[in-house]
Every structure is written in structure tokens, then in C-alpha cells.
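Got the model open in your viewer? Keep the selection tool handy and follow along, one stop after another.

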Amino acid sequence: MYNSEIKGKTNYTLTDTFMGFHCGNTCSKKLAFCEMKYQKIMARSLPIEVTNGTLEGDIAPGPITFYRLQSTSDNILRAYIAQGEVLPVATRSFGSIGVFAIPEMGRFYRHWLIEKGFPHHGAVAFGHFGKALFEVFKYIGVDVSEIGYNQPKGVRYPTENPWA
């Protein structure tokens, strides 16, 4: 998919892109197209009729902010914020899903999300709201050293090997 739909058509590298899957219903206005179906993952352990009413379709292209706020086991608030976009690429998959692109996502994932113990679930706001979220996180008491964001190329993370 990357080679045929993204490479050479955008400035994103393979490690900048990933499939973003919405676990619940997505508003029909945020889908490029939609169809009413059942929730396939939940239907593995529940009767299909219990999971009816799920909208499926590709998430509409446009700007997004990917973020999360959580507390550690020792009561430290920690967060991340990364701005990017949903690309206009057909996913050929099920559920509410899109191809997400965030500059330098591979490095950000390795040096902030994994090292800081974030699970694979994050939140998505449709638009660029990093500035507002950063201020909200500060306001509720998140130390700025505990708010991660995707560093631009050439700006090293503290744990990143400078010779890599």
C-alpha cells in the first residue's frame, strides 16, 4: 500500500504512516463513505445481532491531532501530542479506519510512546489542536517534561543515539 499509494506522492516515509482504526462508531461526517454493518471483532465472542449498528468506512482525509493523557502507576501525569493527517488512501479493510501520516512518527513512537510506557490506544481530534491541548495539559498539572511530541527531523530525543 505504501509503495503504490503514498511513496512519491507525499513527503511521508514508510515509518511516518500507519493504519488508524477507530474502535467504536465514527460519525458519518468524518468518513469518506460509510455502510451500516456489525462490529466484526466483537462478533467473535458475541452474537452478531448484539454488534449490529456499526458504521464502516474509510476515515475522511484531513488534518488530525493524535494524543493521549494518562497517569503512571506512581501517579505521574504523562501525555503526548502529534499533529498529522489522514491520507486520501483506500484502506481496503473493515471498520472505521484510515491511513494516518505523522511526520517522524517512527522515531516518536520508539523514543516517546514505547519508552514512556504508552499502550497502543490513542485519541484523535479532527483538526490541528496541538497548541490548545498542550496548554490544557499544562493547566491540569502535567509537567511540560512529561508532554511528548514528534520531534522534527534533526532534533534528537534524549535517548536517541546521535550516530544512528
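Start by selecting the buried residues of H3: Met105, Gly106, Arg107, Phe108, His111, Trp112 and Leu113. Bear in mind as you look around that this is a predicted model. Those picks make up seven of the 10 residues of H3, so the helix is largely enclosed by the rest of the structure. What do the buried residues of H3 pack against? Color S1, S4, S5 and strand S8 (147-149) and you have the answer.

**Next stop: the core around H3**

Now pick Phe66, Tyr80, Phe108 and Leu113, the residues with the most contacts inside the largest nonpolar core, which has 16 residues. Strand S4 (62-71), strand S5 (77-87) and helix H3 (105-114) each give two or more residues to this core. Which of them gives the most? That's H3, with four residues. If you like a rule of thumb to go with the view, nonpolar side chains in soluble globular proteins tend to be buried together.

Stay here and center on Tyr80. Leaving aside residues up to four places away in sequence, Tyr80 touches a long list of neighbors, including Phe66, Tyr67, Arg68, Phe108, Trp112 and Leu113. Also on that contact list are Phe118, His121, Gly122, Phe137 and Gly148. Apart from the largest core lies another one, of seven residues; select Ile6, Tyr12, Val89 and Ala101 to see some of its members.

**Next stop: strand S6**

Select residues 96-101, which is strand S6. Is S6 mostly covered or mostly open? Mostly covered: six of its six residues are buried. Turn the strand to check both faces: Ser96, Gly98 and Phe100 are buried on one side, and Ile97, Val99 and Ala101 are buried on the other.

Then bring in the strands that pair with S6:

- Strand S1 (residues 17-22) runs antiparallel to S6, and six bridges join the two. Click Met19 and look for its bridge partner in S6, Val99.
- S5 is also antiparallel to S6, with three bridges. Here Leu87 stands opposite Val99.
- Strand S3 (residues 52-58) pairs with S6 in the parallel sense, over two bridges. Try Asp58, whose bridge partner in S6 is Ile97.

**Last stop: the aromatic rings**

Show the aromatic side chains; the count comes to six aromatic pairs. Zoom in on Phe21 and Phe94, an edge-to-face pair at 5.6 Å centre to centre with 65° between the planes. This pair links distant parts of the chain, since Phe21 sits in strand S1 and Phe94 in the loop between S5 and S6, 73 residues apart. Turn on the surface here: Phe21 counts as partly exposed because its relative accessibility is 31%. Phe94 is partly exposed too, with a relative accessible area of 26%.

Now hop to Tyr80 and Phe118, an edge-to-face pair with 4.9 Å centre to centre and 80° between the planes. They too come from distant parts of the chain: Tyr80 is in strand S5, while Phe118 is in the loop between H3 and strand S7 (123-125), 38 residues apart. Are these two rings buried or exposed? Tyr80 is buried, with a relative accessible area of 0%, and Phe118 is buried at 9%.

To finish, select Phe18, Phe66, Tyr80, Phe100, Phe108 and Phe118 together: ring pairs link them into a cluster. Phe66, Tyr80 and Phe108 should look familiar from the largest core.

Conventions:
Residues numbered from 1 in each chain as written. Predicted model: local features only at pLDDT ≥ 70, side-chain atom pairs only at ≥ 80, totals over all residues. Heavy atoms only, no water. Core = buried A, V, L, I, M, F, W, Y, C linked by side-chain atoms within 4.5 Å. Buried < 20%, exposed > 50% of the residue type's maximum accessible area, 1.4 Å probe, protein only. Contact = heavy atoms within 4.5 Å. Pairing = 2+ DSSP bridges. Phe/Tyr/Trp six-rings, centres within 6.5 Å; stacked < 30°, edge-to-face > 60°.
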